Structure formats: C-alpha cells, structure tokens
Amino acid sequence: MKILLVEDDRELNRTLLFQLEKEGFLVDSCFDGEEACYYMQEGLYDLILLDRMLPKMDGIAVLEKIRREGNTVPVILLTALGTLTDKITGLDCGADDYLVKPFAFEELAARIRSIGRRPRRMEEGRKLSFDDISYSPEELRLDGPDGSCSLSRREAALLEAFLRNSGQSLSRQLLLCRVWGPDTDVEEGNLDNYIYFLRRRLKSVGSRIQLKTVRGIGYRMEA
C-alpha cells in the first residue's frame, strides 16, 4: 500500500513516517495543503493520512478539492478537533475515517488495515481518455481507432492506473499493489504477463499508445 502522509508537525510527521515504513508501507510525506495537492497530481496513492489544520490550505479544503476532481482515494483525517460537529463535517466532506489526536499508532495501523481490506470502487459512468483511446470503467470496455474490446478485471485495473498517471513512470511494486491488492504475494512475472496482455489489447483496437519498460523502475504509458 502506498500512503501520502500530510502532517505539518514535523516531529509527528517524522515519527509516523518511520512507523509506517517499519510496517512495510510505501510513504510520501509533506507538510502543507498545497504540497498535498501537488503530490496527488503527481502520484498514485492507496490512502491519504490528512491533518485537518494545515498551513496554506487546510485539510478540509484539500479533501473537498480532490473529491470535486473525482478522486476516490480513501482519506483518514488526523486532527485535534474532536467534537461531534467536527467529525460530521469531516465525514460529510468526503473523509472515510476520522482519528482524533493524540492517538496510539496501533489504532491508526488497524484503521489503515481496515481500509486496505475494502474493495476499490471504480468510478461508474466516468470514462477515462488518453490520446486515441477511451476506457469505460462501468463496462470494462476499451475503445480505440479500430474498434473496442472487453477487458478482464485485472487488465482494467492496470489500464486505469496508467490512464490516471499517463506519462509517469509507475513502479512495479505500486502496480502490483494496485492490481492484486496491498497484501499480495504475487510474483512480479504476473505483472509482466498482464502488461503483455494489455499491449495486445491496445494493438487490437488500433491504438498507437505504448507501454514503455522503464529499466529499474517499472512501466510508463506514452502516446
């Protein structure tokens, strides 16, 4: 699981980063709301740990922004504001969970595991497009210049990861996590197989898009 940690208290940020990485999570961390929005544009995350009271742009504003943009990544709000009204506001703005400071790391880890067990919801009805293709999550259908084809669930999850991050190099570990889940013990060769399958799908619909191998990292989708 890849996590974005947004916490302006540098000591707490450093402590949580250490503990999360010790648990085996991949973690990026930042210290204000504007940085968080930048990271969300540049990276693919399975979870955001979001402090509510942030400089430059508070956590609620960040949460509302990513939800308006259609991003459904799970968010756990971390905050010292623990009244019922505060919790309702956070949840109504799109948070998936709400943890009041101070908290035990064991509780945070349990909440992360709980969210990790939930199936990821594809955005029904929202087509994703890049260059000469479009993809319908609701129908698992890929459309290109020469026609269309149906995708398997794993092909669809892999394609969606590339479409949401076109032009970016995605690591093998991140793609494995996205397609097979955060606790997978699937061998990396399975990813290579599905890259091959997806390349054939793109070719079958007449697309000029390429899935480039990035040595030492993973893959990148290019027009």
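Here is a walk through this chain, from its overall build down to a handful of individual residues. Keep in mind that what you're looking at is a predicted model.

Let's start with the big picture. The chain splits into domain 1, covering residues 1-114, and domain 2, covering residues 126-220. Take the centre of each domain over its C-alpha atoms, and the two points sit 28 Å apart. In terms of secondary structure, you can count 8 helices and 12 strands along the chain. The radius of gyration comes out at 18 Å, close to the 17 Å that the globule rule gives for 223 residues, so the chain is as compact as a globular protein of that length. If you'd rather think in terms of a box, the C-alpha atoms fill one of roughly 55 × 35 × 30 Å along the principal axes.

What about the inside and the outside? Of the 223 residues, 48% are buried. Look at the contacts with a separation of 6 or more, and 58% of them are between residues 24 or more positions apart. On the outside, the chain exposes about 11500 Å², with carbon and sulfur atoms supplying 45% of that area. As for charge, there are 33 positive and 38 negative ones, and their mean positions lie 4 Å apart.

Now for the backbone, where a few spots deserve a look. Most residues other than glycine have a negative phi, and most peptide bonds are trans. Against that background, check the bond joining Lys101 and Pro102: this peptide bond is cis, with omega at about -5 degrees. You'll find Pro102 in the loop between strand β5 (97-100) and helix α5 (105-116).

Two residues catch the eye for their phi angles. Lys56 isn't a glycine, but its phi is positive, near 70 degrees. Lys56 belongs to the loop that runs between β3 (47-51) and α3 (59-68). Is this residue, Lys56, buried or exposed? Its relative accessibility is 64%, and the cut-off for exposed is over 50%, so Lys56 counts as exposed. Leu140 also has a positive phi without being a glycine, this time about 55 degrees. Leu140 is in a loop too, the one between β7 and β8 (141-144). Here the relative accessible area is 11%, and since buried means under 20%, Leu140 is buried.

Stay around β7 for a moment. Pro137 shares that setting, lying in the loop between β7 and β8. With a relative accessibility of 5%, Pro137 counts as buried. To see how far away another part of the chain can be, draw a line from Pro137 to Leu16: they are 121 residues apart along the chain, and 35 Å separates their C-alpha atoms. Strand β7 itself spans residues 133-136, and Tyr135 is part of that strand. How accessible is Tyr135? The relative accessible area of Tyr135 is 0%, so this tyrosine is buried. Measure from Tyr135 back to Ser114, 21 residues away in sequence, and you get 30 Å from C-alpha to C-alpha.

Last stop: the stretch around helix α8. Glu187 sits in the loop between α7 (172-180) and α8 (188-204). At 61% relative accessibility, Glu187 is an exposed residue. Go from Glu187 to Leu176, 11 residues away in sequence, and the distance between their C-alpha atoms is 8.9 Å. Within helix α8 you'll come across Tyr196. Which side of the cut-offs does Tyr196 fall on? Its relative accessibility is 46%, which lies between the 20% and 50% limits, so Tyr196 counts as partly exposed. From Tyr196 you can also trace a distance to Leu211: the two are 15 residues apart along the chain, with 9.1 Å between their C-alpha atoms.

Notes
Residues numbered from 1 in each chain as written. Predicted model: local features only at pLDDT ≥ 70, side-chain atom pairs only at ≥ 80, totals over all residues. Heavy atoms only, no water. Domains from an automatic or database assignment. Helix = DSSP H or I, 4+ residues; strand = E, 2+ residues; numbered from the N terminus. Rg over C-alpha atoms; globule rule 2.2 N^0.38 Å. Buried < 20%, exposed > 50% of the residue type's maximum accessible area, 1.4 Å probe, protein only. Contact = heavy atoms within 4.5 Å. Areas by Shrake-Rupley, 256 points an atom, 1.4 Å probe, with all protein chains shown as cover. Lys, Arg positive; Asp, Glu negative; His and termini not counted. Charge placed at Lys NZ, Arg CZ, Asp CG, Glu CD.
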